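Let's take a walk through this protein together, one stop at a time. Have a look at the model, and then we'll start.

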Amino acid sequence: RGHKIALQNIADGDNIFNVDGTDSGTVDVNSASTGVAATVFDDVEAIFGRSGDDQFIFSATGTMTGIVSGGLGTADVIATTDVNGDTFVLTGTDSGLLFDEAPPTAPATLRTAAGFTGIENLTGGDGGDGFTIQTTGVLNGDITANGGNDVIVVETTGGTVNGNVDAGAGDDSITLEDSATVNGDLQGGTGDDTFTLDSNSTVDGDLDGGAGTNTLTVGTNVTI
């Protein structure tokens with residue numbers, strides 16, 4: 001029988017789950033509280049957040065065999081600290097998969113075997129991470145890639161990011177395919193970044209390449 005962490009019978013707050021082994025790690029309950037030690041968990045196959053804005057942070061050795069659910073919060077985060085990079089693939093609304101591989105390696109090894117759901121923000125680490133918002137994917141928060149040479153793709157005709165996309169430091173590649181949408185800002189950060197906005201794509205906020213030698217390729221009927 002699978003085990004799960006579902007935070008019950010405690011006051012709602014912003015919790016931090018650090019996954020650093022297979023179905024194991026620590027949880028800092030109500031992280032704004034001081035003087036409360038993190039709780040160790042092991043052999044727990046699924047994690048469910050509550051009404052606060054929870055963080056689910058995967059180290060290089062962290063994997064979950066069950067679901068990771070953000071619960072009822074509106075600004076939950078799934079993040080990686082793997083310096084070798086990981087790949088996020090959003091397949092539905094605030095739901096998808098986290099893979100151990102980083103671009104240009106095709107994603108194959110799942111960190112979240114049953115995926116994640118109810119998580120509005122994707123956050124990379126200092127490695128070169130990949131972020132793919134599939135045609136069926138809608139992210140209601142931000143992509144924050146941080147360091148490394150990151151690859152960000154919002155796929156054609158349906159892929160949507162309703163927050164900001166910040167590629168962070170590094171020589172990053174950011175592509176909005178035909179009719180893809182970013183309803184916030186598109187930021188390159190430091191490094192030599194490459195922006196490709198295919199035909200009919202939309203950036204509703206500002207586009208800022210940041211420091212470095214940046215390249216912008218724009219198709220027809222692009223809205224910025």
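**A walk through the strands**

Strand 21 (residues 186–187) and strand 24 pair in the parallel sense, over two bridges. Here Leu-186 has Leu-207 of strand 24 as its bridge partner. Some vocabulary: strands (E, at least two residues) and helices (H or I, at least four residues) are DSSP runs, numbered from the N terminus, and two strands pair if DSSP finds at least two bridges between them.

Before going further, keep in mind that this is a predicted model, where local features need pLDDT of at least 70 and side-chain atom pairs count only at pLDDT 80 or more, while totals for chains, interfaces and linings use all residues. Residues are numbered from 1 along each chain as its sequence is written, and side-chain values use heavy atoms, with hydrogens and water left out.

Now zoom out. That pair of strands belongs to an open sheet of ten strands with mixed pairing, in the order 4-3-2-6-8-12-15-18-21-24. Strand 4 (39–41) and strand 24 (207–208) stand at the edges with a single partner strand each, so one side of each has no neighbour in the sheet. In general, side chains in a regular strand alternate between the two faces of the sheet.

Let's drop in on strand 2 (residues 16–21), where you'll find Asn-18. Is Asn-18 buried or partly exposed? With a relative accessibility of 28%, Asn-18 counts as partly exposed. The cut-offs are these: buried means under 20% relative accessible area, exposed means over 50%, and partly exposed is in between (1.4 Å probe, protein chains only). Leaving aside residues up to four places away in sequence, Asn-18 touches Ser-24, Gly-25, Thr-26, Phe-41 and Ile-57, where contact means heavy atoms within 4.5 Å. Thr-202 sits 184 residues from Asn-18 along the chain, and their C-alpha atoms are separated by 35 Å.

Next up is a hairpin. Strand 9 (residues 87–92) runs antiparallel to strand 10, and five bridges join them. One bridge pair is Val-89 with Leu-97 of strand 10. Two residues lie between the strands of this hairpin, and Asp-94 takes a positive phi near 55° there. Strand 10 (residues 95–99) is mostly covered, with four of its five residues buried.

Around this hairpin there's a cluster of charges to look at. How many salt bridges does the structure hold? The structure holds three, a salt bridge being a side-chain nitrogen of Lys or Arg within 4 Å of a carboxyl oxygen of Asp or Glu. Asp-82 forms one with Arg-111, and their closest N and O atoms are 2.8 Å apart. Asp-82 lies in the loop between strand 8 (77–80) and strand 9, and Arg-111 in the loop between strand 10 and strand 11 (116–117), so this pair ties together parts that are 29 residues apart in sequence. Asp-86 also forms a salt bridge with Arg-111, at 2.6 Å between the closest N and O atoms. Both Asp-86 and Arg-111 are buried. The remaining partner of Arg-111 is Asp-100, with the closest N and O atoms 2.7 Å apart. Arg-111 counts as buried because its relative accessibility is 1%, whereas Asp-100, at 30%, counts as partly exposed. Shared partners join Asp-82, Asp-86, Asp-100 and Arg-111 into one network.

Thr-80, in strand 8, brings us back to two of those aspartates. A polar atom of the Thr-80 side chain lies 3.1 Å from the backbone nitrogen of Asp-82. Thr-80 is buried, with a relative accessible area of 2%. Among the residues Thr-80 touches are Asp-86, Phe-58 and Phe-88.

Finally, some backbone surprises. Most residues other than glycine have a negative phi, and most peptide bonds are trans. The peptide bond from Pro-103 to Pro-104, though, is cis, with omega near 5°, and Pro-104 is found in the loop between strand 10 and strand 11. Asp-23 isn't a glycine, yet has a positive phi of about 55°. Look for Asp-23 in the loop between strand 2 and strand 3 (24–28), where Asp-23 is buried with a relative accessible area of 6%. Ser-179 isn't a glycine either, and has a positive phi of about 70°. Ser-179 lies in the loop between strand 19 (173–176) and strand 20 (181–182), and is partly exposed with a relative accessible area of 28%.

Technical notes
A polar contact is a pair of N or O atoms within 3.5 Å; within protein, one must be able to donate a hydrogen and the other to accept it, and residues adjacent in sequence count only if both atoms are side-chain atoms.
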